[in-house]
Structures are given as C-alpha cells and as structure tokens.
Amino acid sequence: MNKFQIAQELLQEHYKNNIVINLSPCNGYRSRVEFGYKNNFYTMYDLDGDIVYLDRFNVARPSISTIMPLLLSNINKSPILKDKLFQVNFRTNNENRILTSMIYHKKLDREIKDEAIILSNKLHIDINLRSRKDIFSTGDKLLKDKLKNRNINLYQTDQSFYQPNHFHMPKMVQKASDFIKEPKDLLELYCGSGTFTLPLARIFRNVIATENNRQSIKCLNKSINEHSIKNVFHFRLSAEEVADALEGRIFKRMGKTNIKDFNFSHILVDPPRSGLTEDVINLLNKFQNIIYISCNQHTYARDLDLLNNFTISDIEFFDQFPNTDHLEIVSLLTKK
C-alpha cells in the first residue's frame, strides 16, 4: 500500500470523496538541501543509517546539482576552506541564484573570509560562513525569491524554513487561495517567511501573521516593507501565545495592536510534523473555517479526530518528497 492509499484510509471517516493527488518529478525539485562534509565528499545517511558519500545530488534543482561538484573541488583544493568544515547547505531561487552555507568547528578568521570572497566571485554564488556565534557572508545573507505569477518577492535566510519543492509551492498557495469564500480577517499561525501570508493578504481585509522564529519574521518584514503592504500585522508569537492573546493576555511584542479588534473569518495553520498542540486545538474550535496545511498525514488524522466539530470541505495531496513516506496536505475545514 503506497502513502497515498494509507493517507486516504486514515481520512476515510472524515472525507468520502476521492482526493486529488499532485505528483512531483522525482529529480530536480528540491530548492534547499543539506549535507555533511567528510573525506572530501558531501555526506548523507541512507535509511539503514549508513553514510553515503556523493559529489552531486540529482534530487536538488539543476542549479544546485551543477554547482555542487565545482564547489566541492574548490573546497578540497583549499586547506583553509576544508579545515574543520562539517556541513554544507544549498538554497536556490527561481532565478537560479545560489546561497551556500559552509559551517565550521573553528573561528572565522580573515584568511578564510578572503578565501570565501574569492570562491564566491569565481562560482558566482553567495557564501555564508558559519561557526559558533559567528557568521560572515559574501552577500546580504538573504536569498530573494519570486512567487510565480503573483509578483510577490519572498525572502529566506539559510536558517529559516522555506517550502522545498520548487514545483508544488505555487500550486499549494493557489489551492489555499481558492478555498476562500466571504473573507473578512485572517489569523495565521506558523506563518514562516510569508509564503501564504502575502498572497492571502490580497484576499482578506487584514491578516495577523504569527511566527516564533526570528529569522522568518525578519524575512517577512522585508517583504512587507518592500511591497508597502498595509494590512499585514506580524508578531513573533508562538501558537500557544496567540491562544493566550485571544484570551486577553497582553504581549509587548504586539505593540498597540489588539487582536480582539479583528473579525476573523478564517484561521490558517501550517504546523511542524508533530501537528497541533492541545492549546491550539482549543483555539481552532473557536473559528468557523480552518485552512490546515500538514506535512504529516498521521498527525493530521489525529488532529481531525480532535477537531470533531469540523468537516473537510476541500482537500488535496501534494507529493512534496517523491519516493519517501512524506506527504503534504492542503485542506479547508468548516465547522459543522
């Protein structure tokens, strides 16, 4: 039984119709990848926990897989760059710009910074050098991306979450947008750098977007300022703190904004694989419409059992990671 059948079986008590499955190419789809570095190779671990040595990775976008052996060769030729290097990460955008992070178990001195600048210019990539409590960047530390067909600029750092599947990300945003009927205000939890926030701000009167990751909030703030968006109010709050705010707790981080002044027609949640906490479940029960984006069909089904006052109005599967057990779900839940 494949993961789509397993997911449909998990949800059969909640949704009787056939669920649309959005497939992805098996190669060339990942916009961000992370590797160890050992014995002059990039490293990963297979399903048995055994180390795998490689110099390129065809699952990554072509811009990444092409640059990987070139970067590796230059690292291996430089005693300065390879010394105490233990991790190399890559991210790319729609224009195939590369942000590479090289992470070290040593201090970043002038010598290694100069080597990084030379390599950055040679390969036409941005390089972040990282070590404990220190960072040096040959660029501005941010990678700019454009949301396809929406004229929206999104930003990411090398430490912020960003949707990894190049093909599915715009389709997921479109699906979430298609859900919206009779919009008023939107409350969004786990907003990240604004992948859903910014497009949905064009549909809703106002959006309160919350996220606990400082790097993600920094990226969202840059997009908001760049586009002069006036109807998005974003705060560094955990989902549990949002629940407290709705109960009347005052957070200095929210300034003069009173969450009770908004008239929410929808709430959007995009939690980690662990799913929703009890506090968030209790919060969601106060809303009429929930846009639930899940990266784990098992915790999604568990949460649906707890949200027993809701029914699935619309749902689609997105195969974010082909040939794995992982599955992305984009759904609209409506109170019965």
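Two strands count as paired here if DSSP finds at least two bridges between them. With that in hand, a good place to start in this predicted model is strand E5, which covers residues 85-92.

E5 and E6 make up a hairpin, with 5 residues sitting between the two strands. In that turn, Asn96 has a positive phi of about 65°. Strand E6 spans residues 98-104, and 7 bridges join it to E5, the two running antiparallel. To pick out one of these contacts by name, Arg91 has Leu99 in E6 as its bridge partner.

E5 also has a partner in strand E2, residues 32-38. This pairing is again antiparallel, and it runs over 5 bridges. Here Glu34 is matched with Asn89 of E5. So how is E5 placed with respect to the rest of the structure, and why? Buried means under 20% relative accessible area, and 6 of the 8 residues of E5 are buried, so the strand is largely enclosed by the rest of the structure.

E2 turns up again at the largest pocket, where this strand gives the most to the lining, with 4 residues. Strand E3 (41-45) joins in too: E2 and E3 each supply at least two residues of that lining. The pocket itself holds about 990 Å³ of space. In total, 42 residues line the pocket, and those nearest its centre are Arg30, Arg32, Phe161, Pro164 and Phe321. What is the mix of classes in the lining? Sorted that way, the lining comes out as 22 nonpolar, 11 polar and 9 charged residues.

That leaves the cysteines. A disulfide is a covalent bond between the sulfur atoms of two cysteines. How many disulfides does a search of the whole structure find? The count is 0. Cys26, for one, is in no disulfide, and the nearest cysteine sulfur belongs to Cys295, 20 Å away. For a pair to count, the two sulfur atoms would have to lie within 2.5 Å. Cys26 has 39% relative accessibility, so this residue counts as partly exposed. Cys191 is likewise in no disulfide, its nearest cysteine sulfur being that of Cys219, 11 Å away. Is Cys191 buried or exposed? At 5% relative accessibility, Cys191 counts as buried.

Key: Residues are numbered from 1 along each chain as its sequence is written. This is a predicted model: local features need pLDDT of at least 70, side-chain atom pairs count only at pLDDT 80 or more; totals for chains, interfaces and linings use all residues. Side-chain values use heavy atoms; hydrogens and water are left out. Buried means under 20% relative accessible area, exposed over 50%, partly exposed in between (1.4 Å probe, protein chains only). On a 1 Å grid over the protein atoms alone, a cavity is a set of points where a 1.4 Å probe fits but cannot get out, and a pocket is an open set with protein on both sides within 12 Å along at least five of seven lines; lining residues have an atom within 4 Å of a point. Grid points are joined across faces, edges and corners, and a volume is the space filled by probe spheres set on the points. Ala, Val, Leu, Ile, Met, Phe, Trp, Tyr, Cys and Pro count as nonpolar, Asp, Glu, Lys and Arg as charged, and the others, Gly among them, as polar.
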